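Okay, thanks for coming, everyone. I'd like to walk you through one model today, so let's get it up on the screen.

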Amino acid sequence: MYELVIANKNYSSWSLRPWVLMRAKGIAFTEKLIPFPGGDSYATFRPHTPSGRVPCLVDSGNPIWDSLAIAEFLAERHEGVWPANAEARAWARCAAAEMHSSFETLRAVCPMNCGLRVSLTKRPPMLERDIARIGELWNEGISRFGGPYLAGDSFTAVDAFFAPVVFRANSFGLTFGGEADSYVERMLAEPAMQEWYEAALLEPYREPGHEEEAAPFGEITADYRKG
Ligand SMILES: N[C@@H](CCC(=O)N[C@@H](CS)C(=O)NCC(=O)O)C(=O)O
């Protein structure tokens, strides 16, 4: 049985990716959730993951760290992690890699904090550029491969990689235009996404750093956390 080491569901966008992928694909795992300790988390995470960062998948004692490496590791062992169609698979890998390495302004201005709702008071130009690019990608994928997911008719790793953007859209009221906005609604209704979201709302942990960074360009209008 795999073990997946993650941090707080409310905050940890990188942890969400492999978690939602494995749930959506029916890949069994046990979860080890280590809450952010406050301040530098390296010493807390390092005994569980070689990079001192989460997520980390542990397969019979063998650690696989970094969300993209985890997706590729799983793809070698389980059907359907990437699309079966070669053209869709190439596109999905490009889009997931772009998400993995880009969109810094979106990450900074709209950090993942599932339970919060934020009204943005400032929208830096680079945020608009990130939103436009994500809208372009999502609309392209859905129209080219027929939807309802980004690269065809089943949930694959590219949907998992953009899952944190879906929660950011939900919190910050982001819209992307066209089919991309219907995609946000569909993703929020996915059972695996709902399971993560409900657990995030019930978490009792609050980490001061993440709380301080929650709305650097806006005002918090609601907090739906119940924990
Ligand atoms: N590229 C890594 C990023 C992992 C990452 O930055 N994870 C965050 C949690 S969401 C973390 O562990 N932060 C702790 C730190 O920066 O010390 C991946 O894809 O897994």
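**Around the ligand**

So, 14 residues surround the ligand, and Ser12, Trp14, Arg53, Asp66 and Ser67 come nearest; a residue counts as near if its C-beta atom, placed from the backbone, lies within 6 Å of the molecule. The elements giving two or more residues to that shell are α1 (13-25), α2 and α3. Helices here are DSSP runs of H or I, at least four residues, and strands are runs of E, at least two, numbered from the N terminus. α1 gives the most, three residues.

Before I go on: this is a predicted model, where local features need pLDDT of at least 70, side-chain atom pairs count only at pLDDT 80 or more, and totals for chains, interfaces and linings use all residues. Residues are numbered from 1 along each chain as its sequence is written.

Back to the shell: seven of its residues are nonpolar, five polar and two charged. Nonpolar is Ala, Val, Leu, Ile, Met, Phe, Trp, Tyr, Cys and Pro, charged is Asp, Glu, Lys and Arg, and the others, Gly among them, go down as polar.

Now the sheet. Four strands make an open, mixed sheet in the order β2-β1-β3-β4, where pairing takes at least two DSSP bridges between two strands. β2 (29-33) and β4 are at the edges with a single partner strand each, so one side of each has no neighbour in the sheet. From one strand to the next, the twist averages 25°. Strand β1 (residues 2-6) runs antiparallel to β3, with three bridges joining them, and Leu4 stands opposite Leu57 in β3.

α1 packs on this sheet, touching β1, β2 and β3, and its direction makes about 150° with that of β1. Contact means C-beta atoms, placed from the backbone, within 7 Å; axes are lines fitted to C-alpha atoms, for helices over the stretch in contact, with angles from 0 to 180 degrees between N-to-C directions. α3 lies across β3 and β4, at about 120° to β4.

Last, some backbone oddities. Most residues other than glycine have a negative phi, and most peptide bonds are trans. Asp66, one of the residues nearest the ligand, has a positive phi near 85° and sits in the loop between β4 and α3 (67-75). Val54 and Pro55 are joined by a cis peptide bond, omega about 10°, and so are Gly147 and Pro148, omega about 0°.

Key:
Two residues are in contact if their C-beta atoms, placed from the backbone, lie within 7 Å.
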